[in-house]
Amino acid sequence: MPSHKAKTLFFKLLAMMPNKLGYFIYHKIQEKSFKNIESRITANQNSYTVLKKILRKNNIELIDANLVEIGSGWFPIMPYFFKINEKVDTIFTFDINKHYSNKRIRAVHDSFGITDYDLFISNGFRLPSFIKYFPKQNIINAKLPKNIKLYYSRFVLEHVEPNDIEKIHKKLFKEMSSKSAIIHLISPSDHRAYSDSSLSYYDFLKYSKAEWNRIQTKFDYHNRLRLPQYLEIFTKVGFKIAFLEYDKVQTDSHKYKEFKKLTIHQDYKQFSEEEILAGSINILLLKP
Ligand SMILES: C[S@@+](CC[C@H](N)C(=O)[O-])C[C@H]1O[C@@H](n2cnc3c(N)ncnc32)[C@H](O)[C@@H]1O
């Protein structure tokens with residue numbers, strides 16, 4: 001059985017279990033992939049390089065600023081990059097789940113080899129004082145701190161339902177000052193292809209909504225939104241797209257040839273090839 005099918009089957013079984021048990025097993029399995037922290041730090045460093053480029057190009061200065069991170073994930077890596085390189089004040093990081101652990105926080109802390117930041121207990125987590133962690137909080141309903149210069153997310157929005165993406169942005173639009181900014185790094189490709197090279201990065205676009213909903217679960221939800229759909233949500237809320245970049249696929253590449261073998265579902269026929277293929281979307285939103 002191809003590995004993506006085995007994984008889907010496994011997630012399906014987990015999703016049938018009581019919520020607590022399903023998540024317990026999911027966490028245990030995820031932990032296996034946490035062994036190689038250095039590769040995670042390298043991946044986050046690459047994202048930080050992208051964020052830095054966007055900040056510099058748009059004259060956004062973060063010294064002593066406060067930041068909100070949407071979707072903390074499993075490791076507090078990006079906050080360390082912002083603290084060390086941008087000299088920010090505090091990062092308030094929110095997650096609908098509670099994925100941090102003291103073991104993983106310690107591992108990140110040690111990897112960065114910092115001696116000037118101590119770890120303090122806050123909400124049961126030993127974190128440096130520049131990171132304020134708010135687990136089990138949907139950003140849509142969370143009480144966000146005031147005086148935030150930058151709201152950012154890394155590989156979060158593709159896992160959020162379109163209606164909720166709109167709600168998040170309506171909230172941010174209402175609460176943020178006109179001097180603050182939002183940056184999202186979005187990965188719109190089929191995540192199953194990362195661990196199964198037999199799949200195209202666009203494989204999931206061959207399914208109807210109902211078919212895809214029968215395949216995915218709460219553990220691997222992906223909204224499959226294409227670039228124009230994200231742009232429509234952001235502009236509808238009122239944001240100005242101040243910076244946008246995305247990967248384009250060369251027609252002589254293996255990725256393109258694999259894509260061409262697919263029969264893309266009717267739902268995506270309204271988009272051009274470039275819009276469908278747009279990968280690694282990096283976007284800066286400002287209040288006009
Ligand atoms: C794929 S992970 C990415 C985590 C981290 N940003 C990273 O780069 O490793 C997406 C995270 O977003 C969180 N998330 C999804 N929807 C959310 C919401 N509405 N509010 C807060 N966090 C959310 C998930 O719980 C998950 O931890």
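A good place to start is a single contact: the side chains of Ser 72 and Thr 93 are joined by a polar contact of 2.7 Å. This is a predicted model, and the tour below works outwards from that serine to the sheet, the helices on it, the cores and the salt bridges. The sheet is an open one of 7 strands, the largest nonpolar core holds 42 residues, and a search of the whole structure turns up 13 salt bridges.

**Around Ser 72**

- Ser 72 sits in the loop that runs between β1 (66-70) and α4 (77-86).
- Is Ser 72 buried or exposed? With a relative accessible area of 5%, Ser 72 is buried, since that value falls under the 20% cut-off.
- Beyond its neighbours within four places in sequence, Ser 72 is in contact with Thr 93, Phe 94, Asp 95, Tyr 100 and Tyr 133.
- One of these contacts, Tyr 133, is 61 residues from Ser 72 along the chain, yet the two C-alpha atoms are separated by 8.0 Å.

**The sheet**

- Reading across the open sheet, the strand order is β5-β2-β1-β6-β7-β9-β8, and the pairing is mixed.
- The edges are held by β5 and β8 (240-247); each has a single partner strand, so one side of each is left without a neighbour in the sheet.
- From one strand to the next, the twist averages 15 degrees.
- Within this sheet, β7 and strand β9 (residues 279-286) run antiparallel and are joined by 6 bridges.
- Which residue in β9 is the bridge partner of Ile 186? The partner is Ile 281.

**A hairpin to look at**

- Strand β3 (residues 119-122) pairs with β4 in the antiparallel sense, over 4 bridges.
- Ser 122 has Phe 125 in β4 as its bridge partner.
- There are 2 residues between β3 and β4 in this hairpin, and Asn 123 in the turn has a positive phi of about 55 degrees.

**Helices on the sheet**

- Helix α4 lies across β1, β2 (90-94), β5 and β6, and runs at about 140 degrees to β6.
- Helix α6 also packs on the sheet, where it touches β1, β6, β7 and β9; its direction makes about 160 degrees with that of β7.

**Nonpolar cores**

- In soluble globular proteins, nonpolar side chains tend to be buried together.
- In the largest core, with its 42 residues, the members with the most contacts inside it are Leu 62, Leu 67, Tyr 80, Phe 82, Phe 112, Leu 150 and Ile 183.
- Both helices and strands feed this core: α1 (3-16), α3 (37-57), α4, α5 (102-112), β4 (125-128), β5 (131-134), β6 (150-154) and β7 (181-186) each give two or more residues.
- Which element gives the most to this core? That is α3, with 6 residues.
- Phe 112 touches Ile 41, Ile 77, Tyr 80, Phe 81 and Ile 84, not counting residues up to four places away in sequence.
- A second, separate core has 30 residues, including Ile 70, Phe 94, Ile 186 and Phe 234.
- Two of those names come up elsewhere in this briefing: Phe 94 is in contact with Ser 72, and Ile 186 has its bridge partner in β9.

**Salt bridges**

- Arg 106 and Asp 110 meet through their side chains in a salt bridge of 3.2 Å, N to O. They are 4 residues apart in helix α5, which means about one helical turn separates them.
- Both residues of that pair are partly exposed: Arg 106 at 39% relative accessibility and Asp 110 at 45%.
- Lys 236 forms a salt bridge with Glu 166, with the closest N and O atoms 3.2 Å apart.
- Because Lys 236 lies in helix α9 (residues 227-237) and Glu 166 in helix α6 (residues 162-175), this pair ties together parts that are 70 residues apart in sequence.
- Lys 236 is exposed at 58% relative accessibility, whereas Glu 166 is buried at 16%.
- Lys 206 and Asp 203 form another salt bridge, their closest N and O atoms being 3.0 Å apart.
- Here Lys 206 is partly exposed, with a relative accessible area of 33%, while Asp 203 is buried at 5%.
- Asp 203 and Lys 206 belong to one network with Asp 190 and Arg 192, joined by salt bridges that share partners.

Definitions and conventions:
Residues are numbered from 1 along each chain as its sequence is written. This is a predicted model: local features need pLDDT of at least 70, side-chain atom pairs count only at pLDDT 80 or more; totals for chains, interfaces and linings use all residues. Side-chain values use heavy atoms; hydrogens and water are left out. Buried means under 20% relative accessible area, exposed over 50%, partly exposed in between (1.4 Å probe, protein chains only). Contact means heavy atoms within 4.5 Å. A polar contact is a pair of N or O atoms within 3.5 Å; within protein, one must be able to donate a hydrogen and the other to accept it, and residues adjacent in sequence count only if both atoms are side-chain atoms. A nonpolar core is a set of buried Ala, Val, Leu, Ile, Met, Phe, Trp, Tyr and Cys residues joined through side-chain atoms within 4.5 Å. A salt bridge is a side-chain nitrogen of Lys or Arg within 4 Å of a carboxyl oxygen of Asp or Glu. Two strands pair if DSSP finds at least two bridges between them. Axes are lines fitted to C-alpha atoms, for helices over the stretch in contact, and angles run from 0 to 180 degrees between N-to-C directions.
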